[in-house]
Amino acid sequence: MAGILITGGTGTLGKKLCQLLDARRTSYIIGTRKECNDPAKVTMDLIQNTGVREAVAGKELIFHLATDMKKDTEATQNLLKALGGQSKVHLVYISIVGIEDIPFSYYRQKLASENAIKQSGIPYTIVRATQFHEFAHSIITNLLRYRIGILPKKIVLQTIDVSLVAKELVNVSQKTPENKTYELGGAEILKLGQMAAIWLKVTGKRRWILNIPIPGKLGKALRNGALTTRYRKKESSGFQQWLANYLQIAE
């Protein structure tokens, strides 16, 4: 049986990670909540805390990518309890840049998950990434689906190719865990309004966009670049290049 377990292996990042491991002919098991007979998958539910102990048994490397907007910390704690402080496991956790500076409930969950991992005694590596290009595309597409759209134009983002984040996960997994946290972000920093203008240009759509500012400390943090990092991946494509390629593939 493979010594690698991936939680969240069917998500955007998980799929890219699996592709990289497949290319290296590296065996792994994907944790899934669905009952299945696939030998490459194991049934487990981190929220309900079922099948977790069985899924982690004998694993030497765990990529913890699964997340939940309301119960991320609970899911992570259930994983840690199942591991029971094993010192022979390398736990690689994906997190988000800026979570300690943004008063948003989901980010508090991610930060609490990080702290739980650090206090668990399990060897770990935490990789904090900025938002994926897919994230910005999804927001813009949803908010500009009508001729008149609303958008918090002044939010500052540093979106990155998800494939580069997957490569970083593989890279850190091959090193001896040093209980460290790493950050990486995209090559360019743009306001959401600028990204919307790129989206209109590439898609050929026309929209009248109204700026809807996000109030309070949350809005201030997002406008002041809390979601960005100085650790840029210069090889990451810009949003315009990524979007053009993405739409071409989708056709």
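**Exercise 1. Locate Asn179 and describe its backbone and its accessibility.**

Asn179 is placed in the loop that runs between α6 and β9 (180–184), where helices (H or I, at least four residues) and strands (E, at least two) are DSSP runs numbered from the N terminus. The model is a predicted one, in which local features need pLDDT of at least 70 and side-chain atom pairs count only at pLDDT 80 or more, while totals for chains, interfaces and linings use all residues. Residues are numbered from 1 along each chain as its sequence is written, and side-chain values use heavy atoms, with hydrogens and water left out.

Turning to the backbone, Asn179 has a positive phi of about 55 degrees although it is not a glycine. As background, most residues other than glycine have a negative phi. For accessibility, buried means under 20% relative accessible area, exposed over 50%, and partly exposed in between (1.4 Å probe, protein chains only). At 41% relative accessibility, Asn179 therefore counts as partly exposed.

**Exercise 2. Determine where Arg25 lies, what its phi is, and whether it is buried or exposed.**

Arg25 is found in the loop between α1 and β2 (29–32). Its phi is near 55 degrees, a positive value in a residue other than glycine. The relative accessibility of Arg25 is 79%, so Arg25 counts as exposed.

**Exercise 3. Describe how helix α1 packs against helix α6.**

Begin with the geometry: helix α1 (residues 12–23) and helix α6 (residues 162–173) pack at an angle of about 60 degrees, and their axes are 9 Å apart. Here axes are lines fitted to C-alpha atoms, for helices over the stretch in contact, and angles run from 0 to 180 degrees between N-to-C directions. Angles under 35 degrees count as roughly parallel, over 145 as roughly antiparallel, 65 to 115 as roughly perpendicular, and the rest as oblique. The two helices α1 and α6 are therefore oblique to each other.

Next, identify the residues, taking contact to mean heavy atoms within 4.5 Å. From α1 the contact is made by Thr12, Leu13, Lys16, Leu17, Leu20 and Leu21, and from α6 by Val162, Ser163, Val165, Ala166, Lys167, Leu169 and Val170.

**Exercise 4. Compare the span of helix α4 with its expected value, and place Ala116 within the helix.**

The expected span of a helix is 1.5 Å times one less than its number of residues. For the 15 residues of α4 this should give 21 Å, and the end C-alpha atoms are 21 Å apart, which agrees.

The buried residues of α4 are Tyr106, Tyr107, Lys110, Ser113, Glu114, Ala116 and Ile117, and what covers them includes α3 (72–83), β5 (90–96) and β6 (124–129). Ala116, in helix α4 (residues 105–119), has a relative accessible area of 16% and is therefore buried. Not counting residues up to four places away in sequence, Ala116 touches Gln77 and Leu80. The C-alpha atoms of Ala116 and Thr76 are separated by 7.7 Å, although these residues are 40 apart along the chain. Just after α4, Gly121 takes a positive phi of about 85 degrees.

**Exercise 5. Characterise the surroundings of Arg128 in strand β6.**

Arg128 lies in strand β6 and, at 7% relative accessibility, counts as buried. Among the residues that Arg128 touches, not counting those up to four places away in sequence, are Ser95, Val97, Leu111, Glu114, Tyr182 and Glu183.
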